[in-house]
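Q: Please take a close look at one part of this model, a polar side-chain contact and the residues around it, and then place that part within the rest of the chain. I would like one connected account rather than a list.

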Amino acid sequence: MSYQKHIATRPVNPQLQAELEQAGAPPLLAQLYAARQVASADELQDGLAQLIPFTELTHCTAAAQRLAQAIEQQEKIIVIADYDADGATACTVAMKGLQSMGAVVDFFVPNRFEHGYGLTPELADIAKNLGADLILTVDNGISSREGVERAKILGMDTVVTDHHHAGDSVPDCIIVNPNQRGCTFPSKNLAGVGVIFYVLIALRAELRSRGFFSGSLKNTPSPSGRGQNANHAPLPSPLPRGEGIKGIFPEPKLDKLLDLVALGTVADVVPLDHNNRILVSQGLKRIRAGQMSHGVQALFRAARRDWRKAQPFDMGFGLAPRINAAGRLDDMSVGIACLLADNLETAQQIANELNDLNHTRQEIEQDMLQNVLALCPDRLPETQTTLSVYHDSFHQGVVGIVASRLKDRFYRPVFVFAPSGNGEIRGSGRSIAGVHLRDVLDLIAKRCPDMIIKFGGHAMAAGLTMVAHRFEEFCQQFEEVVQSLVDEAILSQTYLTDGSLNVRDINLQQAALINNQVWGQGFPAPTFNDEFTVVRQQFMGAEKKHKKAWVQKDGCEFEAVFWRCEDELPEKIRVVYRPTVNEWQGNVDLQLYVDYWESA
């Protein structure tokens, strides 16, 4: 088979497009939204009142009742978080939200190199040693059956909040997860931070119904907090058990947490359905207005991005990598400490530390990527549908990033493995549209039940731990399973665009209009395809790996940037591009960013 790159155009529902225009959407936006399966004009609204009610999220009220009991009885809650940006923001939201309602709460985030993933029996022991009466998981726990059982033996209850898909068995406890069996919550795409935000909304409603809140602020604990492995001041001392605390705490404004909810949602690359777009849009509005946590503001500064013009892109490619660097190379408690900081000076110090970690991560990643590419051919055989790579020098913390780079290069489902000790290796995978990576691992685990020790993930990203000496067998099984699921259409890379853009719409105003919308996973930023004439071209940068060209369409000339392009452009080209607002040295200009080009 021959796998080519193709340019295709999204179909547009003309009836919906007309309805969106009648509802007030500018014509171009109406077209773009109608091509992205927007159900109705109601989805143009991003007010918090449009959110799906928490009452529709299975067991959300039960979780709120158990947390309310813990608050009223001053039981100690230990939050067990995941070690990525979603887990870090979810942990921070849980800490700030629970403290604002009077909870005695602390957190522990496992180290990926010592503890592995999720609430394990070992972590249950740690929680007990920290004095926990109740364990609350965020962004993990749906597969932690043994950990929950261990907690129960030790006399602790567990509330699981997660968004990952469940395996064949789930823990015996209260579970809030839109993807658990039997949950009819309309949005299955909540990130871990979105799930705990919903639980906090339910908790506030539960405490309100119990007459818990006061109208004034008395003895309210600081909004900052620390985990047992975070560099922060101790939490306020809990009130003596048995003494009522009704009437001490004012009802909190949970919308103050939306900057963190937006950051975690974008960072976890969950599909931006209407519900998630509301959460992200509201968070961005708060950030642009300067109403954000000290940690988020410090991360914007460290990433050298302007929070006044914050976009999902800034969160996904500026802030999130710096938080993730802590979990990849060091300890995610550092990232959480930044987000929990109660003053900007402290937050900036920690953000600078995260920035240094991110530079180190980038160096490790580049070195490892070069080593990986040395193990791979320039082009994969056309009959090969997957790629799996392992070397005993690889670093666990960056295998996912390297897998993503290889997926982009070869357009194939990829796993990259690193040693994890005890005769085991850990792999992280990235997939292409049409290949559900977690389901693939499930099939392999059923075929070879004693090869994979544990696995989990989503359609586009998944991870596993397996027996090291069976790596070659895994490669074979991975190839066979994927080969049985794909065809030429899936393996041929298609650039799905919004069609041709009239020259009257290729302008700075329309580019700004597009850039100010919330785009992301499952709701992709618009791209267009057109034929241009190349007027002139030149290399950019000292290494001459990028090009700038001036191109014409219908007599109008535009400046276009071709990233990672060292070729001489022909006179006539067909281009997939994005109109962008380029700001440089006080000047604001229109530029076309080129994603793909071919001879016309």
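A: The side chains of R10 and D498 are joined by a polar contact of 3.1 Å, in what is a predicted model. R10 itself sits in the loop between β1 (6-9) and α1 (14-22), and because its relative accessible area is 10%, under the 20% limit, R10 counts as buried. Leaving aside neighbours within four places in sequence, R10 is in contact with A35, R36, L496, T497, D498 and P524, a list that includes the partner in the polar contact, D498.

A second buried loop residue offers a useful parallel. H164 lies in the loop between β5 and β6, and with a relative accessible area of 12% H164 is buried. The side chain of H164 makes a polar contact of 2.7 Å with the side chain of D162. Apart from neighbours within four places in sequence, the residues in contact with H164 are Y117, D139, I142, N177, N179 and H458. The C-alpha atoms of H164 and P178, which are 14 residues apart along the chain, are separated by 8.7 Å.

The two strands that flank the loop of H164 belong to an open sheet of 5 strands, ordered β3-β2-β4-β5-β6 and paired in parallel. Its edge strands, each pairing on one side only, are β3 (104-108) and β6 (174-176), and neighbouring strands of the sheet are turned against each other by 20° on average, direction ignored. Within this sheet, β4 (residues 134-138) and β5 (residues 157-161) run parallel and are joined by 5 bridges, with L134 standing opposite D157 in β5. Helix α7 lies across β4, β5 and β6, and runs at about 120° to β5.

The nonpolar interior can be described next. The largest nonpolar core has 130 residues, and those with the most contacts inside it are L20, V79, L98, L136, L203 and V296. The largest share of this core, 10 residues, comes from helix α7 (residues 192-209), the helix that lies across β4, β5 and β6. L20, one of the residues with the most contacts inside the core, touches A25, A30, Y33, A34, V38, S40, A41 and L44, not counting residues up to four places away in sequence. Apart from this core lies another, of 25 residues, among them F415, L437, C448 and F478.

I153 provides a contrast to the buried loop residues: I153 is found in helix α6 (residues 145-153) and is exposed, with a relative accessible area of 64%. The C-alpha atoms of I153 and L590, 437 residues apart along the chain, are separated by 63 Å.

At the level of the whole protein chain, the secondary structure comes to 18 helices and 17 strands. The radius of gyration is 25 Å, close to the 25 Å that the globule rule gives for 600 residues, so the chain is as compact as a globular protein of that length. The C-alpha atoms fill a box of roughly 80 × 60 × 45 Å, taken along the principal axes, and of the 600 residues 55% count as buried. Among contacts between residues at least 6 apart in sequence, 69% join residues at least 24 apart.

Terms used. Residues are numbered from 1 along each chain as its sequence is written. This is a predicted model: local features need pLDDT of at least 70, side-chain atom pairs count only at pLDDT 80 or more; totals for chains, interfaces and linings use all residues. Side-chain values use heavy atoms; hydrogens and water are left out. A nonpolar core is a set of buried Ala, Val, Leu, Ile, Met, Phe, Trp, Tyr and Cys residues joined through side-chain atoms within 4.5 Å. Buried means under 20% relative accessible area, exposed over 50%, partly exposed in between (1.4 Å probe, protein chains only). Helices (H or I, at least four residues) and strands (E, at least two) are DSSP runs, numbered from the N terminus. Contact means heavy atoms within 4.5 Å. A polar contact is a pair of N or O atoms within 3.5 Å; within protein, one must be able to donate a hydrogen and the other to accept it, and residues adjacent in sequence count only if both atoms are side-chain atoms. Two strands pair if DSSP finds at least two bridges between them. Axes are lines fitted to C-alpha atoms, for helices over the stretch in contact, and angles run from 0 to 180 degrees between N-to-C directions. The radius of gyration is taken over C-alpha atoms; the globule rule is 2.2 Å times the number of residues to the power 0.38.
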